[in-house]
2 protein chains.
Amino acid sequence: MSKDASARKLAETRDLFITQWGALGTQWGINRTMAMIHALLLVSPEPLTTDEVMERLAISRGNANTNLRDLTGWGLIRVVMRKGDRRDFYEAEKDVWRMFCIIARERKRRETEPALAILRQCAETSGDLAGAEAKELHARLTELGEFVALANSVMDKVAAAERSFIVPKILKLLG
Amino acid sequence: MSKDASARKLAETRDLFITQWGALGTQWGINRTMAMIHALLLVSPEPLTTDEVMERLAISRGNANTNLRDLTGWGLIRVVMRKGDRRDFYEAEKDVWRMFCIIARERKRRETEPALAILRQCAETSGDLAGAEAKELHARLTELGEFVALANSVMDKVAAAERSFIVPKILKLLG
DNA sequence: TCATATTTTCAGTAATTACTGAAAATATGA
DNA sequence: TCATATTTTCAGTAATTACTGAAAATATGA
């Protein structure tokens, strides 16, 4: 294979990954563009500027800017500077375990914590009411709340732990 | 508090839970109505018909039907029959551990399995290419793929395990 | 088999979310 | 300070997803 053909194949593979990761993002409830930018930076050997991201994905400046900021907010990518260049360069967090922790933390924040808050509030309200039905409702909400609290604390600890420490133990346990 | 006032308070608490659970659903990437129907059935002491669901949530028949079917497909609710009545009645799965297993299984199916498929495919493609960049890409995709495979198998085992067996052990481990 | 109850489907529309393109704001170096 | 590079914001629009309402399909009992 010629050098050109090889480079083309490489670019094609990257693009395939980016496209598919984008499609996957929609399943995860994060928007396609955000997932694609993340994929692009994951497989890019060098940090990229906003303009490079725009060009590679054929998206507008506003779109690129918004999603780059969101990804930075999550901690999945970060800004790096190059001396003599005033532009921001973005690179992806490439340590898979750290990626996992970031995602776990974010999901906990967006999913289990709000659920817990709702359950506790409704359990409290229903706790003040009399009658068999109210008792049953209260019991159910309390049980759900306790379960979510448990899930919450598991996620917390898993996300905070070091990979080397925790994973083999869990696997052994589940074996 | 009078009996009427008490009943009203109870209904209000249920409605609050339903509304908030619906709002939460949107964070989880499942649609509002589906989450609301689930909440309604979770706090309903009796199984409900499609018409009752429509009325309680003020939604159309088509919407109710679609979401009831989807929830049934997930296994989060199920159809029960009453003798002498030809309508379908729906009730929620109320065992929290079973609910958790169902959600874990569904998320694995919709999130980690497709991710794994993509990573494996792209890793394979990149494995056939020559050059330092291709090698690096291949290594990265392979690493990610292995991590996702690991997460996959953990989810599998957790979802399949019995609550009483697994939870205390994990907690102790993380303590 | 037929009349009726019940569920399912689906074309059209409403609601929501994502994106563009251009203007405003900010940062940098001279 | 000013000119220029760069980033951010945002009103308007496009794209996507959810919902309605009515019609079609199916199931039930007589």
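A polar contact is here a pair of N or O atoms within 3.5 Å; within protein, one of the two must be able to donate a hydrogen and the other to accept it, and residues adjacent in sequence count only if both atoms are side-chain atoms. The model is predicted, so that local features need pLDDT of at least 70 and side-chain atom pairs count only at pLDDT 80 or more, while totals for chains, interfaces and linings use all residues. Residues are numbered from 1 along each chain as its sequence is written, chains are lettered from A and ligands numbered from 1 in the order in which they are written, and side-chain values use heavy atoms, with hydrogens and water left out.

Three such contacts involve phosphate oxygens of DNA strand C. A polar backbone atom of A:S60 lies 2.7 Å from a phosphate oxygen of the strand. In A:N63, a side-chain N or O atom is 3.1 Å from a phosphate oxygen. From chain B, a backbone N or O atom of B:D88 is 2.7 Å from a phosphate oxygen of DNA strand C.

DNA strand C is surrounded by 16 residues, a residue being near the strand if one of its heavy atoms lies within 4 Å of it. The closest are A:T33, A:S60, B:N65, B:R69 and B:D88. Of the atoms of DNA strand C that come within 4 Å of the protein, 73% belong to sugar and phosphate. The surrounding surface holds 1 nonpolar, 9 polar and 6 charged residues (nonpolar: Ala, Val, Leu, Ile, Met, Phe, Trp, Tyr, Cys and Pro; charged: Asp, Glu, Lys and Arg; polar: the others, Gly among them). At least two residues each come from α4 (61-74) of chain A, α4 (61-74) of chain B and β3 of chain B. The largest share, 4 residues, is that of α4(B). Helices (H or I, at least four residues) and strands (E, at least two) are DSSP runs, numbered from the N terminus.

In chain B, strand β3 (residues 85-92) runs antiparallel to strand β2 (residues 77-82), to which 5 bridges join it; pairing requires at least two bridges found by DSSP. B:V79 has B:Y90 as its bridge partner in β3(B). The two strands form a hairpin with 2 residues between them, and B:G84 in the turn has a positive phi of about 80°.

Chain A is divided into domain 1 (3-92) and domain 2 (96-174), with bounds from an automatic or database domain assignment. Domain 1 of chain A gives 7 residues to the contact and domain 2 of chain A gives 6 (contact: heavy atoms within 4.5 Å).
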